[in-house]
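Colleague: I have a model open and would like to go through it with you. Could you take me through the strands first and the side chains afterwards?

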Amino acid sequence: MTIVRQNRVISAAVVLILLSALMAAATAAESKRTIATTQRWHWPWGPRTRVTITNRISGWRQLKVHCKSGNDDLGVQVLNPGEGYRFKFWPNVQGTTLFYCYFNWGEGLRRFDIYDQDRDSKRCKTWCPWDIKESGPCVITKDFTSCFQWKK
């Protein structure tokens, strides 16, 4: 009897270890697919917000994009003319989510707050598509287009 119980305990422990390993692998795979995550407190029951950045710089020039938040550094992305880059996240409960980006196409470094929850949560809700032009970024939705100046 004792041997049977020990075998069951060992079998249960092995199953738990394997399940833990599978869950860790699945979580790691998901984190690689998701470019940006959120701050510590998020809306787990709501949809994620997507930000799309498209290179609309004239002259067929590449655009280097480097986006960050207080918690995430999304790394440098290089966009060919017309190419886009997308990241997604859950806005935080406090209403303070902010992603800012640096842009460079060979004429100096430009900066812009690409997602400011206070400004964008009602404007573009769950999808904020941005066209990046020399004059500044423009958010374009089916209802409106708004262009902004670069931050100083």
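Modeller: Certainly. Please keep in mind that this is a predicted model. One place to begin is Val65, which stands opposite Gln77 in β3.

Colleague: Which strand is joined to β3 by bridges, and how many bridges are there?

Modeller: Strand β2, residues 63-68, is joined to β3 by 5 bridges, and the two run antiparallel. Another position to look at is Lys68, whose bridge partner in β3 is Asp73.

Colleague: What joins β2 to β3 along the chain?

Modeller: A hairpin does, through 4 residues.

Colleague: And what is the strand order of the open sheet of 4 strands?

Modeller: The order is β3-β2-β5-β6, and the pairing is antiparallel. At the edges are β3 (73-79) and β6 (109-116), each of which pairs on one side only. From one strand to the next, the twist averages 20°.

Colleague: How do strands of a sheet pair in general?

Modeller: They pair through backbone hydrogen bonds, in either a parallel or an antiparallel manner.

Colleague: What about the open sheet of 5 strands: in what order do they come?

Modeller: They come in the order β4-β1-β7-β8-β9, with mixed pairing. The edge positions belong to β4 and β9; each has a single partner strand, so one side of each is left without a neighbour in the sheet. The twist here averages 20° from one strand to the next.

Colleague: How many bridges join β1 to β4, and which way do they run?

Modeller: There are 6 bridges between β1 and β4, which run antiparallel. Within that region, Val51 stands opposite Phe87 in β4.

Colleague: Let us move to single residues. Where is Leu79, and is it buried or exposed?

Modeller: Leu79 is found in strand β3. Its relative accessibility is 4%, so Leu79 counts as buried.

Colleague: Which residues does Leu79 touch, not counting those up to four places away in sequence?

Modeller: Leu79 touches Ile53, Asn55, Arg61, Gln62, Leu63, Val65, Gly84 and Tyr85. For Asn55, the separation from Leu79 is 24 residues in sequence, while their C-alpha atoms are 6.3 Å apart in space.

Colleague: Where does Asn92 sit?

Modeller: Asn92 lies in the loop between β4 (84-89) and β5 (98-104). With a relative accessibility of 4%, Asn92 counts as buried because the limit for that class is under 20%.

Colleague: Which backbone nitrogen does the side chain of Asn92 reach at 3.3 Å?

Modeller: That is the backbone nitrogen of Gln94. In addition, a polar atom of the Asn92 side chain lies 2.8 Å from the backbone nitrogen of Gly95.

Colleague: Changing topic: how many salt bridges does the count come to?

Modeller: The count comes to 7 salt bridges. One of them is between Asp131 and Arg56, where the closest N and O atoms are 3.5 Å apart. Asp131 lies in strand β7 (residues 127-133) and Arg56 in the loop between β1 (49-55) and β2, so this pair ties together parts that are 75 residues apart in sequence.

Colleague: Are Asp131 and Arg56 buried or exposed?

Modeller: Asp131 counts as buried, at 15% relative accessibility. Arg56 is partly exposed, with a relative accessible area of 42%.

Colleague: What is the salt-bridge partner of Lys151?

Modeller: The partner is Asp113, and the side chains meet at 3.8 Å, N to O. This pair links distant parts of the chain: Lys151 is in the segment after β9 (145-147) and Asp113 is in strand β6, 38 residues apart. Lys151 is partly exposed, with a relative accessible area of 39%, whereas Asp113 counts as buried at 10% relative accessibility.

Colleague: And which residue forms a salt bridge with Asp120?

Modeller: Arg123 does, and the closest N and O atoms of the two are 3.8 Å apart. Asp120 has a relative accessibility of 0% and counts as buried, while Arg123, at 28%, counts as partly exposed.

Colleague: Which residues are linked in a network of salt bridges?

Modeller: Arg61, Glu107 and Glu134 are linked in such a network. Arg61 also appears among the residues that Leu79 touches.

Definitions and conventions
Residues are numbered from 1 along each chain as its sequence is written. This is a predicted model: local features need pLDDT of at least 70, side-chain atom pairs count only at pLDDT 80 or more; totals for chains, interfaces and linings use all residues. Side-chain values use heavy atoms; hydrogens and water are left out. Buried means under 20% relative accessible area, exposed over 50%, partly exposed in between (1.4 Å probe, protein chains only). A polar contact is a pair of N or O atoms within 3.5 Å; within protein, one must be able to donate a hydrogen and the other to accept it, and residues adjacent in sequence count only if both atoms are side-chain atoms. Two strands pair if DSSP finds at least two bridges between them. Axes are lines fitted to C-alpha atoms, for helices over the stretch in contact, and angles run from 0 to 180 degrees between N-to-C directions. A salt bridge is a side-chain nitrogen of Lys or Arg within 4 Å of a carboxyl oxygen of Asp or Glu. Contact means heavy atoms within 4.5 Å.
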